[in-house]
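Me: I am new to this structure. Please walk me through how its helices and strands are arranged.

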Amino acid sequence: MKVKIISDSTSDLSPELVKKYDISIVPLYVVMGDKIRKDGIEATPEDIYEYVSQSGKLPKTSAPNLNDFLSAFRNWRNQGYEIVHFNISSDFSSSHATARMAAEEVGGVEVVDTRNLSTGSGLVVLHACEMAENGASAKEIAEECRALTGRVEASFVVDSIDYLHKGGRCSSVAALGANLLKLKPCIEVTEGKMQSGKKFRGTIDRVIINYVTERLQNREDIDKHRIFITHTRCSEETVNAVRDKINELQPGFDEILETTAGCTVTSHCGPGTLGVLFIRKA
């Protein structure tokens, strides 16, 4: 039976990748004041920057509802597909739990908790797409991808902690101290949860290169099939510098993919955020 790969919108896969791998996307919702918009369809990161600038508040995100998932799953089941659906970590959103409810009602749907967000989830989704292209069943894809989630290494370095402060993730005192000392925190995803890692000091361009160096230098455990450079409003020069550093420290990747982070990461971290995301060897 044919297999359809579906992801919620938090995987931050570019329109080009979505088209290339024929992925179906179920959007989350972004709540900005009294407006509720579909992530990636009716709301973009630029809308978030504008909303924060004008209101001084962060938008909120909410999971797709049961009918959203039922509609998506039934559409592809009626066309004769088995389905493997991927969600942002269940520790971040109720999206996974709701998708499982819909899957039980529709049948023929495997739901995978990626234990990650952004292109950390996207790496798992693309692996699933390649398995589907090679003829794997939905059950085989789901089982392998659930095991794969523990090998995804996802992190971001943040230019300004203003968004983290607005979101209640750091105190006013900590925010003031970080700004005075020019500290740039690294946010890591570990066991499905976000946590604060090392704090770098200096200008964001220098910090980003130091961060990439620490992530990749002298590593022999990195799967070199694919790595993402995922960012929010970083310059082309910065992204190119990161690409060059990747090639210097870990030459031989099959793909170095650049993506702009979507509404979820943007809402948490704000502009000037950049991460390198990859999979460790088994």
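Reply: Start with angles between helices: under 35 degrees counts as roughly parallel, over 145 as roughly antiparallel, 65 to 115 as roughly perpendicular, and the rest as oblique. This is a predicted model, where local features need pLDDT of at least 70, side-chain atom pairs count only at pLDDT 80 or more, and totals for chains, interfaces and linings use all residues. Residues are numbered from 1 along each chain as its sequence is written, and side-chain values use heavy atoms, without hydrogens and water.

Me: How do α3 and α4 cross?

Reply: Axes are lines fitted to C-alpha atoms, for helices over the stretch in contact, with angles from 0 to 180 degrees between N-to-C directions. Helices (H or I, at least four residues) and strands (E, at least two) are DSSP runs, numbered from the N terminus. Here the axes of α3 (residues 66-78) and α4 (residues 95-106) come within 9 Å and cross at roughly 45°. The two helices are therefore oblique to each other.

Me: Which residues of α3 and α4 meet?

Reply: Contact means heavy atoms within 4.5 Å. Leu66, Phe69 and Phe73 are among those from α3, and Ala99, Met101 and Val106 among those from α4.

Me: What is the strand order in the open sheet?

Reply: Strands of a sheet pair through backbone hydrogen bonds, either parallel or antiparallel. Two strands pair if DSSP finds at least two bridges between them. The six strands run β10-β9-β8-β13-β11-β12, with mixed pairing. β10 (193-201) and β12 (255-260) are the edges; each has a single partner strand, so one side of each lacks a neighbour in the sheet.

Me: In which sense do β11 and β12 pair?

Reply: Parallel, over six bridges. His231 has Thr260 of β12 as its bridge partner.
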